[in-house]
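Please open the structure in a viewer and keep the selection tool at hand. The tour below proceeds stop by stop, stating what to select and what is found there.

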Amino acid sequence: MRPAHLIATAGAVIASLSLLSACGKDDASGGKSGAIEVTATDSSCEVGAKSGAAGATTFKVTNKGSQVNELEILAPDGKIVSERENIGPGTGAEITVTLTAGTYKVLCSAGMTGKGPSQTFTVTGKGKAGDPRLDAAVASYRTYVGEQVDDTLAKAKKFAASVSKGDIAGAKAEFAPSRVGWERIEPVAESFGDIDPKVDTREADLKQGDKWTGWHQIEKALWKTKSLKGEGPYADQLVKDLETLKTRVGTASITATSMANGAKELLDEVATGKITGEEDTFSHTDLSDFKANVDGAQKAFELLKPVVQERDAGLASDLTDEFAKVQKLLTKYEKGDGYVSYDTVGKDQRKELSDEVNALAEPLSKLAGVVAK
């Protein structure tokens with residue numbers, strides 16, 4: 001999750017996408033048919049229903065506050081089932097999730113801090129029988145997530161070894177590759193709440209009194225202070241935190257709708273961090289993270305595609321085309337095994353990238369709703 005003050009430059013894109021995702025056939029009460037209304041302000045979170053039936057549930061949130069907000073659906077064990085970030089003041093968005101019986105929390109977080117007022121939402125019943133193709137997609141995605149965690153951990157160990165040895169050149173070369181697996185499955189990693197702040201917090205995210213650890217703390221040492229003195233313990237801690245992720249990831253709550261929502265979250269990550277150059281502000285390796293986010297989103301879509309093709313062939317076609325366009329555009333910036341430094345990408349080129357992300361994010365926002373039919 002990203003704090004509100006970092007999304008200003010991408011606000012127009014996010015606001016427009018939020019409004020698009022909130023559009024739909026309205027019922028008599030003014031909300032999308034079947035959706036549960038959520039009204040968020042800077043200090044409150046009002047949910048239009050206290051309970052619902054197991055299965056697909058759509059929450060439609062309207063931000064009436066003055067700060068950027070996010071909506072989180074928290075499972076009974078506290079894990080994040082799904083979330084929708086970057087809901088600007090005066091805009092709305094919706095999120096469709098698949099819920100089983102239990103008591104959940106619907107949380108609104110002004111300023112996108114991960115904290116805020118919440119209301120309980122009780123789910124009862126068993127829901128309709130699942131589509132075995134979606135069950136297979138979830139199983140395959142679990143395997144993919146495990147592979148990406150293994151990949152990022154192995155490469156982070158190499159990165160950490162170089163940091164501990166004081167090998168600046170080696171650590172610089174290993175920085176971006178060590179993040180690829182993480183960036184591909186970040187929504188799943190974020191669902192645990194405590195790991196993401198430890199490994200992926202940026203300097204601009206910090207609040208007074210926060211301890212800074214993770215990739216970006218070392219990134220600053222490599223590219224700005226240009227010294228690895230004292231960085232060994234930070235590198236070791238990064239590895240330990242990723243090892244914790246490896247032990248936990250098998251317990252992550254993954255459904256077909258959370259895969260679809262996660263794909264949208266990954267595109268939002270691109271729009272609010274990579275496009276603006278704020279993700280890797282010292283190393284300018286943003287395009288590597290950009291590519292990983294897109295790859296992760298595309299993987300989720302490809303696994304869900306057989307069902308989407310049957311239920312909404314037009315959407316399946318649009319997403320296939322838009323993913324191909326983004327991937328083709330990224331090839332313009334390839335250099336060796338990686339990408340050009342993002343500080344060499346001009347304003348017009350960044351707008352071109354932003355426009356392509358915008359074009360992909362709009363149909364991608366519809367994916368969860370189709371999967372949940």
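Helices, as the word is used here, are DSSP runs of H or I of at least four residues, and strands are runs of E of at least two, both numbered from the N terminus. The model on display is a predicted one.

**First stop: the annotated domain**

Select residues 137-367, the span that an unreviewed UniProt entry lists as "domain: Imelysin-like". Helix makes up 73% of this span and strand 2%. Its end C-alpha atoms lie 14 Å apart.

**Second stop: the nonpolar cores**

Next, display the side chains of Y141, F159, F290, L304, L353 and L367. These residues have the most contacts inside the largest nonpolar core, which numbers 70 residues. Helix α2 supplies the largest share of this core, with twelve residues. Now centre the view on L367. Leaving aside residues up to four places away in sequence, L367 touches A260, F301, L304, V308, L315 and L319. A second core, separate from the one just visited, has 22 residues, among them V38, F59, I95 and V106.

**Third stop: strand β1 and its partners**

Select residues 36-40, which form strand β1. Which residues make up the covered face of β1, and which the uncovered one? I36, V38 and A40 belong to the covered face, whereas E37 and T39 belong to the uncovered face. Add residues 55-63, strand β4, to the selection: β1 and β4 run parallel and are joined by five bridges. Within this pairing, I36 is placed opposite F59 of β4. Then add residues 45-47, strand β2, which pairs with β1 in the antiparallel sense over three bridges. Here A40 has C45 of β2 as its bridge partner. The two strands β1 and β2 form a hairpin, with four residues between them.

**Fourth stop: strand β8**

Move to residues 102-108, strand β8. This strand is mostly covered, five of its seven residues being buried. Strand β5, at residues 69-74, runs antiparallel to β8 and is joined to β8 by four bridges. L74 stands opposite K105 of β8 in that pairing. β8 also runs antiparallel to β9, and six bridges join these two strands. V106 can be selected together with Q119, its bridge partner in β9. V106 has already appeared on this tour as a member of the second nonpolar core.

**Fifth stop: salt bridges**

Side chains of opposite charge can pair when their charged atoms come close. Over the whole structure, 26 salt bridges are found; three of them are visited here.

Begin with K79 and D77, whose side chains form a salt bridge with an N to O distance of 3.0 Å. Are the two partners buried or exposed? K79 counts as buried because its relative accessible area, 18%, is under the 20% cut-off. D77 counts as exposed because its value of 52% is over 50%.

Continue to R311 and D131, where the salt bridge spans 3.5 Å from N to O. This pair links distant parts of the chain, 180 residues apart: R311 is in helix α9 (residues 286-311), and D131 is in the loop between β9 and α2. R311 is partly exposed, at 26% relative accessibility, whereas D131 is buried, at 15%.

Finally, select D280 and R179, which meet in a salt bridge of 3.7 Å, N to O. D280 lies in the loop between α8 and α9 and R179 in helix α3, so this salt bridge ties together parts that are 101 residues apart in sequence. D280 and R179 are both buried. To see the wider setting, display R179, E183, D200, R202, D205, E269, K274, E279, D280 and D289, which salt bridges with shared partners join into one network.

**Last stop: T344**

Close the tour at T344, in the loop between β11 (338-339) and α11 (347-364). Why is T344 classed as exposed? Its relative accessibility is 54%, and exposed means over 50%. A polar atom of the T344 side chain lies 2.6 Å from the backbone oxygen of S341. Select Y333 as well: the C-alpha atoms of T344 and Y333 are separated by 9.9 Å, and the two residues are eleven residues apart along the chain.

Note on methods:
Residues numbered from 1 in each chain as written. Predicted model: local features only at pLDDT ≥ 70, side-chain atom pairs only at ≥ 80, totals over all residues. Heavy atoms only, no water. Buried < 20%, exposed > 50% of the residue type's maximum accessible area, 1.4 Å probe, protein only. Pairing = 2+ DSSP bridges. Polar contact = N/O pair within 3.5 Å; in protein donor to acceptor, adjacent residues only side chain to side chain. Salt bridge = Lys/Arg side-chain N within 4 Å of Asp/Glu carboxyl O. UniProt positions renumbered as here; feature names shortened; annotations may be inferred. Core = buried A, V, L, I, M, F, W, Y, C linked by side-chain atoms within 4.5 Å. Contact = heavy atoms within 4.5 Å.
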